[in-house]
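Q: I'd like to learn how to read a protein model feature by feature. Could you walk me through one?

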Amino acid sequence: EVADEFGIEMVSIEKLAGTLSLLALFRGQWGLNDLRVDRPRMTLERDGADWRLSPLSTTTRGKAVAAEPGQLASEAGGWLAMIPDLRVGDATVIVLDPPSREGAVPGPELPLRLEGVNLVMRSHGRLHDLRLDVSRPGPLAGQVAIQADVLRPRGNRVSEWRNWEGTVMLQ
């Protein structure tokens with residue numbers, strides 16, 4: 001569990017398991033062959049209309065993240081794409097709108113709550129396969145599945161995942 005300085009939970013993980021890459025260790029680096037994350041719970045805050053997300057913290061609540069647009073997502077996406085076998089099971093993600101400012105248009109009353117979030121990503125060199133399943137609880141909610149089969153162009157860094165080419169399907 002990770003909490004901010006006031007003890008408010010930002011991230012919790014029921015079970016985390018991974019296998020270190022011996023090849024990377026011999027090179028003097030660290031890396032993972034696989035990572036399994038079971039039943040994580042994460043609270044994020046939406047940063048404005050562009051839907052950039054940042055971890056919730058009482059010290060940053062309602063303040064813009066000190067990063068370029070998409071920087072945090074690019075860094076996290078690049079790091080995760082370097083893991084050959086990544087699995088996240090039965091996650092809960094809560095997305096909050098920033099607190100209302102005087103004169104601002106109010107956002108939804110309730111946070112967006114996503115349950116049963118499952119992610120499988122397999123990466124082999126420049127090839128990446130991904131499946132993301134998300135459910136939203138409630139009488140009018142349903143399930144969304146995203147599948148991707150993408151190729152990282154030669155010369156692109158892993159963190160430049162927005163430039164990858166391939167097929168993405170939404171169900």
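Q: Is arginine 113 buried, partly exposed or exposed?

A: First, a word on what you're looking at. This is a predicted model, where local features need pLDDT of at least 70, side-chain atom pairs count only at pLDDT 80 or more, and totals for chains, interfaces and linings use all residues. Residues are numbered from 1 along each chain as its sequence is written, and side-chain values use heavy atoms, with hydrogens and water left out. Now the general idea: buried means under 20% relative accessible area, exposed means over 50%, and partly exposed is in between (1.4 Å probe, protein chains only). Arginine 113 has 31% relative accessibility, so it counts as partly exposed.

Q: Which element holds arginine 113, and what does its side chain make a polar contact with?

A: Elements are DSSP runs numbered from the N terminus: helices are H or I with at least four residues, strands are E with at least two. Arginine 113 sits in strand β8. A polar contact is a pair of N or O atoms within 3.5 Å; within protein, one must be able to donate a hydrogen and the other to accept it, and residues adjacent in sequence count only if both atoms are side-chain atoms. Here the side chain of arginine 113 pairs with the side chain of glutamate 115 at 2.6 Å.

Q: Leaving aside neighbours within four places in sequence, which residues is arginine 113 in contact with?

A: Contact means heavy atoms within 4.5 Å. With those neighbours within four places set aside, arginine 113 is in contact with Arg41, Thr92, Val93, Ile94, Ser135, Arg136 and Pro137. You can also look at C-alpha atoms: those of arginine 113 and leucine 96 are 8.8 Å apart, with their positions 17 residues apart along the chain.

Q: How do I read the fold as a whole, and how many helices and strands does the protein have?

A: Count the elements, then follow their order. The protein has two helices and eleven strands, running β-β-β-α-β-β-β-α-β-β-β-β-β from the N terminus on. Of its 171 residues, 31% are buried. Among contacts with a separation of 6 or more, 49% join residues 24 or more positions apart.

Q: What does a pocket look like to a program, and which residues lie nearest the centre of the second largest pocket?

A: Rolling a probe the size of a water molecule over the atoms shows where empty space is left. On a 1 Å grid over the protein atoms alone, a pocket is an open set of points where a 1.4 Å probe fits, with protein on both sides within 12 Å along at least five of seven lines; lining residues have an atom within 4 Å of a point. The second largest pocket has 20 lining residues, with Trp30, Gly31, Leu32, Met82 and Ile83 nearest its centre. The elements giving two or more residues to that lining are α1 (22–26), β4 (32–38), α2 (71–81) and β8 (112–124).

Q: Is alanine 24 in helix α1 buried or exposed?

A: Alanine 24 is found in helix α1, and its relative accessible area of 11% makes it buried. Not counting residues up to four places away in sequence, alanine 24 touches Gln29, Trp30 and Gly31.

Q: What about phi: which sign does arginine 39 have?

A: Most residues other than glycine have a negative phi, and most peptide bonds are trans. Arginine 39 has a positive phi of about 50 degrees, although it is not a glycine. Arginine 39 lies in the loop between β4 and β5 (41–47) and is partly exposed at 44% relative accessible area. Aspartate 90, not a glycine either, has a positive phi of about 55 degrees. Aspartate 90 is in strand β7 (residues 85–96) and, at 34% relative accessibility, counts as partly exposed.
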